[in-house]
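Here's a quick walk through one protein model, written for someone who'd rather look at geometry than read a long preamble. Have the structure open while you read.

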Amino acid sequence: MRAAFAYQRAADRFAEWTGLISKWVVIPTIVVGLMNVILRYTGQFFQIRLTNNSWVEAQWYLYSLIFLFGFAYILKHQINVRVDFWFAHQPKKRKAWIDFIGHLVGLIPFALIGIWVSVPQVQTSWRLNQRSPNAGGLPLAPIKTMIAVAFVLLLIQALAEMVKLIAVLRGVKDAYLEEPDQPIRIE
């Protein structure tokens, strides 16, 4: 169980790091979005085109990165979307069983299928040097790569969550499982 806890701690630290990246990507996303709006309306006023597709696509690339880097962080802090009207009032072990079965039947297969489907797309995109069909658009391979990376990060954290759930189900006490400073969770 020591090795499993070591893995879980490492995965949790890594999820915190990717969550931090996700938070910081918000700033350039806002800047690029604001710039796109200002340039578009300024261009309309002066009857000239000041924006191009690269900036518009950069904005949605950045917006996508916020979510793709945030998957593992969201799972670690259990702020993912769920139907909590019933779940919230269950005892800790029952919650652990519900999450364990949900992760085993839904989350882990979903992450594995996501990796299985996205990796060939990424390879093809890099091989063909695939670009956006829009004039002046950006290459597609980098953002497609991030989709595959996001599924890998989600799988890593899902396995770490399984370690925590098994510990709860077995009644194992570990100081790291009790996190006093968890984000607000609305249930």
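## Starting at Ile 108

Let's begin with a single side chain and its neighbours. Leaving aside residues up to four places away in sequence, Ile 108 touches His 103, Leu 155, Ala 158, Leu 159 and Met 162. This is a predicted model, by the way, so read everything here in that light. Ile 108 sits in helix H4, and it is buried, because its relative accessible area of 13% falls under the 20% cut-off.

For a sense of the fold around it, take Leu 154: 46 residues separate it from Ile 108 in sequence, yet the two C-alpha atoms are 8.4 Å apart in space.

## The overall picture

What is the protein built from? It has five helices and zero strands, so to speak α-α-α-α-α when you read the elements from the N terminus on.

Of the 187 residues, 37% count as buried. The protein exposes about 11,700 Å², and 70% of that comes from carbon and sulfur atoms. If you look at contacts between residues at least 6 apart in sequence, 78% of them join residues at least 24 apart.

## H1 against H2

Now for the helix pairs. Helix H1 covers residues 2-46 and helix H2 covers residues 53-76; their axes come within 7 Å and cross at roughly 155 degrees. That is over the 145-degree limit, which makes H1 roughly antiparallel to H2.

The crossing of H1 and H2 is left-handed. Sort the residues of this contact by class and you get 16 nonpolar, eight polar and four charged.

## H2 against H5

How are H2 and H5 oriented relative to each other, parallel or antiparallel? They pack at an angle of about 10 degrees, with their axes 7 Å apart. Angles under 35 degrees count as roughly parallel, and H2 and H5 are therefore roughly parallel to each other.

On the H2 side, the contact includes Trp 60, Tyr 61, Leu 65, Leu 68, Phe 69 and Phe 71. From H5 come, among others, Ile 143, Met 146, Ile 147, Leu 153 and Leu 154. That last residue is the one already mentioned as sitting 8.4 Å from Ile 108, C-alpha to C-alpha. By class, the contact of H2 with H5 has 15 nonpolar, two polar and three charged residues.

## H1 against H5

H1 meets H5 too. Their axes come within 9 Å and cross at roughly 135 degrees. That value fits none of the parallel, antiparallel or perpendicular ranges, so H1 and H5 are oblique to each other. The crossing is left-handed.

Residues taking part from H1 include Phe 5, Tyr 7, Gln 8, Asp 12 and Phe 14. Facing them in H5 are residues including Leu 153, Ile 156, Gln 157, Glu 161 and Lys 164. The tally for the contact of H1 with H5 is twelve nonpolar, three polar and three charged. Leu 153, Gln 157, Glu 161 and Lys 164 of H5 also appear in the contact with H2.

## Two loop residues with positive phi

Two spots deserve a look at the backbone torsions. Most residues other than glycine have a negative phi. Gln 78 isn't a glycine, but its phi is positive, at about 55 degrees. It lies in the loop between H2 and helix H3 (84-87). With 23% relative accessibility, Gln 78 counts as partly exposed.

Asn 129 has a positive phi as well, about 50 degrees, and it isn't a glycine either. You'll find Asn 129 in the loop between helix H4 (92-127) and helix H5 (141-170). Its relative accessibility is 55%, over the 50% cut-off, so Asn 129 counts as exposed.

## Across the H4-H5 loop

Where does this loop bring its ends together in space? Asn 129 and Ala 141 are twelve residues apart in sequence, with their C-alpha atoms 7.1 Å apart. Arg 127 and Ala 141 are 14 residues apart in sequence, and 8.9 Å apart in space, again C-alpha to C-alpha. Arg 127 itself is found in helix H4, and it is exposed, given a relative accessible area of 62%.

Technical notes
Residues numbered from 1 in each chain as written. Predicted model: local features only at pLDDT ≥ 70, side-chain atom pairs only at ≥ 80, totals over all residues. Heavy atoms only, no water. Axes fitted to C-alpha atoms, helices over the stretch in contact; angles between N-to-C directions. Helix = DSSP H or I, 4+ residues; strand = E, 2+ residues; numbered from the N terminus. Parallel < 35°, antiparallel > 145°, perpendicular 65-115°, else oblique. Left-handed = near helix turned anticlockwise from the far one by under 90°. Nonpolar A, V, L, I, M, F, W, Y, C, P; charged D, E, K, R; others polar. Buried < 20%, exposed > 50% of the residue type's maximum accessible area, 1.4 Å probe, protein only. Contact = heavy atoms within 4.5 Å. Areas by Shrake-Rupley, 256 points an atom, 1.4 Å probe, with all protein chains shown as cover.
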